[in-house]
Amino acid sequence: MDLQVLPARGAAVHRVGPGMLGEASAAVARHARTARPRVRGVAARAAGRSGSPQNEVKRVAARDRADAFHDLFRAETARRVHRWLGKLRVPERDRGDLSQDVLLAAVLSFGSYDPSRGEIARWLNGIAVNVASHYHAKASRRNEILTDPAALCEAFGSATAIERLLAAERRGLLRSLVLELPFELRSVLVQHDLYEISMRDIAETRGIPVSTVYKWRSRALHGAREALAKRIAAEEERCARPGRATGTGCRQAAEQPSRNRNRLRAGS
């Protein structure tokens, strides 16, 4: 019995027997699809060679980032940050600590540094500006100056706190009196006396004669005076009740509406 020579590994066998095909059929049996991945792999290896432009750009960027990272630990960089903080009005006693904060923040956020957008000094200067801004924003760094109340009164006018409080009470009282008027009378009074709209414009807007607008305003002033008189009478009656103290509080309450009455008379 003759021993047949087995074909090489990977060769295709078309039939079993004495006439089996060996190496000659290997090239015929290979399919075209099996050859494409090998071609792609060759192209990829060719693109990744040292002479390709993409690889050269990556190498340059990596070298720039490495040089920039080493610059963060140089003594000249620390002195530069110290000068920047001085120009940002950071006191000398705190510049050393803030310099360490700037360098620490630069190391922690170095992954966001892009050499193509600028030098490392420019990027580091932005971090120093942010650190100095947060330093000045702290409440412990603020300088509060106590001002004399008399100086505040001079700065904001001659009115004292009591006078401003009384003025606010007068405005509240007049507002409540106006709100008690009918809508037509109240609207005319507000438009003319508050927003300074002329009587003719009010009449044209409402489609009524000008004389009617004057009558409505007169009725509004008369109604506000009557409401004010009723409030004065009620306050005087409250202060005159037996057992009610007739001190400064009642006198001020009685004097306050009279001032409002004079104000309404002046407006008429």
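**Exercise 1.** How many residues apart are Arg95 and Glu92, and in which helix do they sit? Work out how the two side chains meet.

*Solution.* A word of caution before we dig in: this is a predicted model. Start with the placement. Arg95 and Glu92 both belong to helix α5, which covers residues 92-108, and they are three residues apart, so about one helical turn separates them. Next, recall the geometry: an α-helix has 3.6 residues a turn, so residues three or four places apart point the same way. Now look at the side chains: they meet in a salt bridge, with 2.8 Å from N to O. Last, check the surroundings of Arg95. Its relative accessibility is 19%, and since the cut-off for buried is under 20%, Arg95 counts as buried.

**Exercise 2.** Find the salt-bridge partner of Arg238 and decide whether Arg238 is buried or exposed, or somewhere in between.

*Solution.* The partner is Glu235, with the closest N and O atoms 2.2 Å apart. Then compare positions: Arg238 and Glu235 are three residues apart in helix α11, which puts about one helical turn between them. As for exposure, Arg238 has a relative accessible area of 30%, so it goes down as partly exposed.

**Exercise 3.** Which parts of the chain does the salt bridge between Glu180 and Arg231 link?

*Solution.* First confirm the bridge: the closest N and O atoms of Glu180 and Arg231 are 2.8 Å apart. Then place each end. Glu180 is in the loop between α8 (161-179) and α9 (183-194), while Arg231 is in helix α11 (residues 210-239). With the two positions 51 residues apart, the pair links distant parts of the chain. Finish with accessibility: Glu180 is partly exposed at 48%, and Arg231 is partly exposed at 31%.

To round off the salt bridges, the count comes to eight. Glu76, Arg79 and Arg83 are linked in a network of them.

**Exercise 4.** Describe the ring pair formed by Phe110 and Trp123, then say which cluster the two rings belong to.

*Solution.* Two numbers do the job here: a pair of aromatic rings is described by the distance of the centres and the angle of the planes. There are five aromatic pairs in the model. For Phe110 and Trp123, the centres are 6.2 Å apart and the planes make an angle of 80°, an edge-to-face arrangement. Phe110 lies in the loop between α5 and α6 (120-137) and Trp123 in helix α6, so the pair ties together parts that are 13 residues apart in sequence. Phe110 itself is buried, at 8% relative accessible area. Zooming out, ring pairs join Phe110 and Trp123 with Phe69, Phe73 and Tyr113 in a cluster.

**Exercise 5.** Take helix α9: what is its span, and which elements do its buried residues pack against?

*Solution.* Begin with length. α9 has 12 residues and reaches 15 Å from its first C-alpha to its last, close to the 16 Å expected. Then list the buried residues: Leu185, Ser187, Val188 and Leu189. The buried residues of α9 pack against α8, α10 and α11.

**Exercise 6.** Where do Arg89 and Glu196 sit, and what is the sign of phi in each?

*Solution.* Take Arg89 to begin with. It is in the loop between α4 (75-87) and α5, its phi is near 65°, a positive value in a non-glycine residue, and at 63% relative accessibility it is exposed. Now Glu196, just after α9. This residue is in the loop between α9 and α10 (199-206), with a positive phi of about 55° despite not being a glycine. Glu196 is exposed too, at 69%.

Definitions and conventions. Residues numbered from 1 in each chain as written. Predicted model: local features only at pLDDT ≥ 70, side-chain atom pairs only at ≥ 80, totals over all residues. Heavy atoms only, no water. Salt bridge = Lys/Arg side-chain N within 4 Å of Asp/Glu carboxyl O. Helix = DSSP H or I, 4+ residues; strand = E, 2+ residues; numbered from the N terminus. Buried < 20%, exposed > 50% of the residue type's maximum accessible area, 1.4 Å probe, protein only. Phe/Tyr/Trp six-rings, centres within 6.5 Å; stacked < 30°, edge-to-face > 60°. Expected span 1.5 Å × (residues − 1). Contact = heavy atoms within 4.5 Å.
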